[in-house]
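User: I am new to reading protein models and would like to learn how words such as "buried" or "salt bridge" are justified. Could we go through some examples together, step by step?

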Amino acid sequence: MFNHLPASLSLFPRLLLSSSPRTLTGACRLLGRMEAAVVRCLPGEPKLTISFCLNGSHKHMLRDQGEAVGKVLARISNSIAKSQGKAKKSKKNREQQPGEAAEPAVVKLFYGGDEVPDTALNSEAWRDGSVLQVGDVRYSVQRNAPTFTTAELPVSLLAGFPVCPKLEVEFGNLQDCEFTWLKENIRDSSSEAGQDGGWTQVGRERVHVPSNQDIGCKFKLICTPKDGTRSGPAKELVSVGAVEAGPGVCTFDNRHAYTVRGAEWPSVRVVSYNILADVYAQTDLSKTVLYPYCAPYALQLDYRQNLIKKELAGYNADIICLQEVDRGVFLDSLVPALDAFGLDGVFRIKEKQHEGLATFYRRSKFRLLSRHDIMLSEALTSDPVHSDLLEKLSAKSVLKDRILQRSTSLQVSVLEDVSEAGRKVCVANTHLYWHPKGGNVRLAQMGVTLQHLRRVISEVAPEAPLLFCGDFNSTPNSGVFQLLSEAVVPQHHADWSSSGPEEACSMELLSTFPPLLSACGQPAYTNYVGGFHGCLDYIFIQPDSMQVEQVIPLPSHQEVTTYEALPSVAHPSDHIALVCDLRWNR
């Protein structure tokens with residue numbers, strides 16, 4: 001029986017499709033295989049769980065690890081007897097015939113062909129490979145079997161856009177799991193009312209892309225958790241809604257023609273992108289003032305997430321830095337999707353806000369060594385390395401207070417090349433203060449940022465190149481851009497008095513790095529809304545460590561303005577992603 005278990009388990013998905021829950025038990029017995037009883041038992045935890053299915057009813061028991069197994073078996077037997085008694089009582093009421101008392105079912109546990117003593121403790125009795133007998137049904141005990149703790153399909157499905165399930169597995173590996181996608185067969189007019197049209201298998205990958213032929217159909221996913229060759233109980237998911245038509249050509253489709261293949265050593269592909277936080281997209285200000293030209297449905301999070309996931313996946317990037325990332329979007333959408341495409345990610349929330357920064361990296365190329373995230377205002381007052389800057393800013397108390405009120409954060413991740421130990425890169429990601437008259441605040445924020453980055457590299461990754469991405473809210477004629485590209489901003493730069501004489505500050509600010517290079521140059525705009533367009537986003541590199549190999553062209557002006565401005569039904573954000581291939585110099 002045990003020798004044939006793996007082969008018979010492979011029939012389970014087909015049985016699921018053709019059988020109702022009540023016929024599964026009988027079908028499994030006819031096939032000569034045992035169903036699974038899944039036991040979760042971890043050292044140090046007081047309880048264990050036992051889960052199995054009997055006559056179409058799912059049993060889930062929570063018991064003490066130190067309890068005698070005989071008590072659990074008796075509990076199962078009594079529970080079955082009660083159920084049978086209720087069934088007979090119901091039949092008696094219908095047929096008005098006296099019924100006999102239900103006899104307790106025989107419930108035993110075996111291991112290696114021998115019955116496990118009733119006095120054995122639960123923690124030791126429920127071994128992997130044991131056999132639980134409940135009446136005439138036998139179960140193969142799977143202790144700590146691979147199990148999905150989370151398994152969900154996205155609410156919105158669009159034709160031509162990847163469907164990425166949210167999956168979390170315990171005792172397993174997502175890369176080993178098996179997936180079967182099925183499409184609902186549309187019931188024709190000749191079918192009887194209520195009759196199921198059935199399902200047709202359409203895919204076996206973790207991510208599935210519906211076609212236009214699937215519009216109007218629901219999807220089903222059967223996923224089997226695995227760890228190597230070891231399998232756990234399968235999960236069956238059915239989409240809430242049917243596949244809807246996509247928007248057609250998007251602004252990023254032509255860009256994907258340049259990124260069909262991933263970058264190869266010694267090159268690395270980098271993306272920086274402000275994806276527009278949902279907390280901002282759904283405000284009345286956004287709908288009526290900032291983006292009145294955008295169709296309301298195109299501002300909905302579910303719709304925009306479909307576009308963002310397709311856009312990011314199509315770039316085949318090695319490092320992705322994102323700004324304005326809602327916490328829920330990171331956990332429920334981006335992590336599941338980008339994990340399926342080979343990337344791991346870290347998140348830094350912006351204090352006092354519901355959005356923040358996210359950095360993803362391709363795990364086949366990089367491993368995360370350390371993180372050094374800070375809130376800039378907090379670091380300014382608490383870290384002695386910034387004492388000189390703080391002293392100068394204190395001369396203008398209004399400006400200082402304005403800076404300290406900001407929750408702007410800096411995300412710093414030190415990555416190491418998995419193919420060559422010691423080859424590291426310091427990836428920085430930020431989103432500076434947004435106000436048009438906040439040039440002086442942004443200069444102070446950048447002063448803190450550069451000091452912190454220099455120390456991180458010196459102490460953690462000497463000689464590692466800096467890769468600095470973000471939405472800097474600074475045009476090429478700004479003080480921030482001059483500080484980064486020329487390594488100094490003079491005391492009389494206009495940005496020091498950007499918010500009026502009361503907050504005017506006059507100081508020379510020096511960078512802690514030699515001049516950096518904007519890898520994607522100075523595009524005409526990276527942000528295009530109804531009342532403004534300009535270049536605010538950058539990927540800065542150290543030219544002595546990295547060279548620009550390729551800049552992926554931005555969408556044409558015609559593509560950007562097809563629906564007047566951004567965001568639109570064909571573009572999910574008010575910003576445009578920067579994408580480039582960089583070549584290591586060593």
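User: Why is D388 called partly exposed?

Analyst: In this predicted model, D388 has a relative accessible area of 45%, and because the class "partly exposed" takes in what lies between under 20% and over 50%, D388 belongs to that class. K392, at 37% relative accessibility, is therefore placed in the partly exposed class as well.

User: What makes D388 and K392 a salt bridge?

Analyst: The closest N and O atoms of D388 and K392 are 3.6 Å apart, and because the rule asks for a side-chain nitrogen of Lys or Arg within 4 Å of a carboxyl oxygen of Asp or Glu, the pair qualifies as a salt bridge. Both residues lie in helix α12, four residues apart, which is about one turn of the helix.

User: How do you know that R455 and D383 form a salt bridge, and which parts of the chain does the pair link?

Analyst: The distance from N to O between the side chains of R455 and D383 is 2.2 Å, and because the limit is 4 Å, the contact counts as a salt bridge. The pair links distant parts of the chain, with R455 in helix α14 and D383 in the loop between α11 and α12, 72 residues apart.

User: Are these two partners, R455 and D383, buried or exposed?

Analyst: R455 has a relative accessible area of 27%, so R455 is partly exposed. D383 has 15% relative accessibility, and because buried means under 20%, D383 counts as buried.

User: What makes E503 and R402 a salt bridge, and where do they lie?

Analyst: The closest N and O atoms of E503 and R402 are 2.9 Å apart, and because the cut-off is 4 Å, this pair is a salt bridge too. E503 sits in the loop between β25 and β26, whereas R402 belongs to helix α13, and these distant parts of the chain are 101 residues apart. Both E503 and R402 are buried.

User: Which residues are joined into one network by salt bridges that share partners, and how many salt bridges does the whole structure hold?

Analyst: R206, D339, D344 and R363 are joined into one network, and a search of the whole structure finds 25 salt bridges.

User: Why does V289 count as exposed?

Analyst: V289, which lies in helix α8, has 53% relative accessibility, and because exposed means over 50%, V289 counts as exposed. Together with L285 and L290, V289 makes a nonpolar surface patch of about 260 Å².

User: Why is L62 called exposed, while A105 is called buried?

Analyst: L62 is in strand β3 and has 54% relative accessibility, so L62 counts as exposed. A105 is in the loop between α4 and β4 and has 17% relative accessibility, so A105 counts as buried. As for their surroundings, the C-alpha atoms of L62 and I50 are 6.7 Å apart in space, with their positions 12 residues apart in sequence, and the C-alpha atoms of A105 and A74, 31 residues apart along the chain, are separated by 9.1 Å.

User: How many cavities are counted, and what makes an empty space a cavity?

Analyst: A space is called a cavity because a 1.4 Å probe fits there but cannot get out, and the count comes to one cavity of 30 Å³ or more. About 50 Å³ of space lies in the largest cavity, and the residues lining this cavity include L376, I403, R406 and V448. Helices α11 and α14 each supply at least two residues of that lining, which by class has five nonpolar, three polar and one charged residues.

User: What lies around the second largest pocket?

Analyst: About 1100 Å³ of space lies in the second largest pocket. Of the 40 residues that line this pocket, the closest to its centre are E324, W434, H435, P436 and N473. The elements giving two or more residues to the lining are α8, α14 and β28, and the largest share, four residues, comes from α8. By class, this lining has 13 nonpolar, 19 polar and eight charged residues.

How values were computed: Residues numbered from 1 in each chain as written. Predicted model: local features only at pLDDT ≥ 70, side-chain atom pairs only at ≥ 80, totals over all residues. Heavy atoms only, no water. 1 Å grid on protein atoms, 1.4 Å probe; cavity = no way out; pocket = protein on both sides within 12 Å on 5 of 7 lines; lining within 4 Å. Points joined across faces, edges and corners; volume = space filled by probe spheres on them. Nonpolar A, V, L, I, M, F, W, Y, C, P; charged D, E, K, R; others polar. Patch = residues over 30% accessible without salt bridge, like charges linked within 9 Å, V, L, I, M, F, W, Y side chains within 5 Å. Areas by Shrake-Rupley, 256 points an atom, 1.4 Å probe, with all protein chains shown as cover. Buried < 20%, exposed > 50% of the residue type's maximum accessible area, 1.4 Å probe, protein only.
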